[in-house]
Amino acid sequence: MALLAQVLVLLHLIGFAALLGGALVQLRLLDPEVNATMLHGAWTSLVTGAGLVTLAVLDGGPLPYAQLAVKLAVGLFVVLLVSVNRRFSSIPRGLLALIAGLTLADAGVAVLWR
């Protein structure tokens with residue numbers, strides 16, 4: 001079970017890196033778009049996060065429900081933004097900055113909230 005949790009954490013971090021990296025690459029382009037890397041990273045991060053919560057529930061220890069609720073809300077909003085705007089050939093820079101900022105905020109909640 002511990003190995004599964006470690007693999008899920010690794011995949012969760014890869015999803016975060018793909019989402020943030022895809023957004024940062026788009027910032028330097030003249031017409032930024034939501035690329036496939038961002039879409040797959042957002043979904044990977046959300047699904048592996050749900051898997052990590054499921055393992056924590058099965059483990060039976062105390063869970064930080066407020067932190068998990070905030071992370072879920074931010075993660076779902078990012079997935080919604082990325083999924084809806086994937087079909088457009090260009091998005092505003094402000095939307096791209098919002099996606100990158102929310103991604104960093106989601107990571108900040110995970111790391112800094114104690």
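## A salt bridge between two helices

In this predicted model, the side chains of D106 and K71 meet in a salt bridge, with a distance of 3.2 Å from N to O. Because D106 belongs to helix α4 and K71 to helix α3, the pair ties together parts that are 35 residues apart in sequence. The structure holds one salt bridge. As a general principle, side chains of opposite charge can pair when their charged atoms come close.

Both partners fall below the 20% limit under which a residue is called buried. D106 counts as buried at 13% relative accessibility, and K71 is buried with a relative accessible area of 19%.

## Overall architecture

The secondary structure of the chain consists of four helices and zero strands. Read from the N terminus, the order of elements is α-α-α-α. The C-alpha trace spans about 50 × 25 × 20 Å along its principal axes.

For 114 residues, a compact globule would have a radius of gyration near 13 Å; the chain has 15 Å, which agrees. Contacts within the chain often link distant parts of the sequence: among those between residues at least 6 apart, 78% join residues at least 24 apart.

## The nonpolar core

Of the 114 residues, 34% count as buried. The largest nonpolar core comprises 19 residues, of which L19, V34, M38, V78, V82 and I99 touch the most other members. Each of the helices α1, α2 (36-59), α3 (65-85) and α4 (93-112) supplies at least two residues of this core. In soluble globular proteins, nonpolar side chains tend to be buried together.

I99 offers a view of the contacts made by one core residue. Leaving aside neighbours within four places in sequence, I99 is in contact with L19, V34, M38, L81 and V82. Among these partners, L19, V34, M38 and V82 are also listed with I99 as touching the most other core members.

## The surface

The accessible surface of the chain comes to about 6800 Å², and 74% of this area belongs to carbon and sulfur atoms. One nonpolar surface patch, of about 450 Å², is made by L3, V7, L10, L11 and I14.

Within this patch, V7 is placed in helix α1, which covers residues 2-27. V7 is partly exposed because its relative accessible area is 39%, a category that lies between the 20% limit for buried and the 50% limit for exposed residues. Helix α1 therefore carries V7 of the surface patch and also supplies at least two residues of the largest nonpolar core.

Definitions and conventions:
Residues numbered from 1 in each chain as written. Predicted model: local features only at pLDDT ≥ 70, side-chain atom pairs only at ≥ 80, totals over all residues. Heavy atoms only, no water. Patch = residues over 30% accessible without salt bridge, like charges linked within 9 Å, V, L, I, M, F, W, Y side chains within 5 Å. Areas by Shrake-Rupley, 256 points an atom, 1.4 Å probe, with all protein chains shown as cover. Salt bridge = Lys/Arg side-chain N within 4 Å of Asp/Glu carboxyl O. Buried < 20%, exposed > 50% of the residue type's maximum accessible area, 1.4 Å probe, protein only. Core = buried A, V, L, I, M, F, W, Y, C linked by side-chain atoms within 4.5 Å. Contact = heavy atoms within 4.5 Å. Rg over C-alpha atoms; globule rule 2.2 N^0.38 Å.
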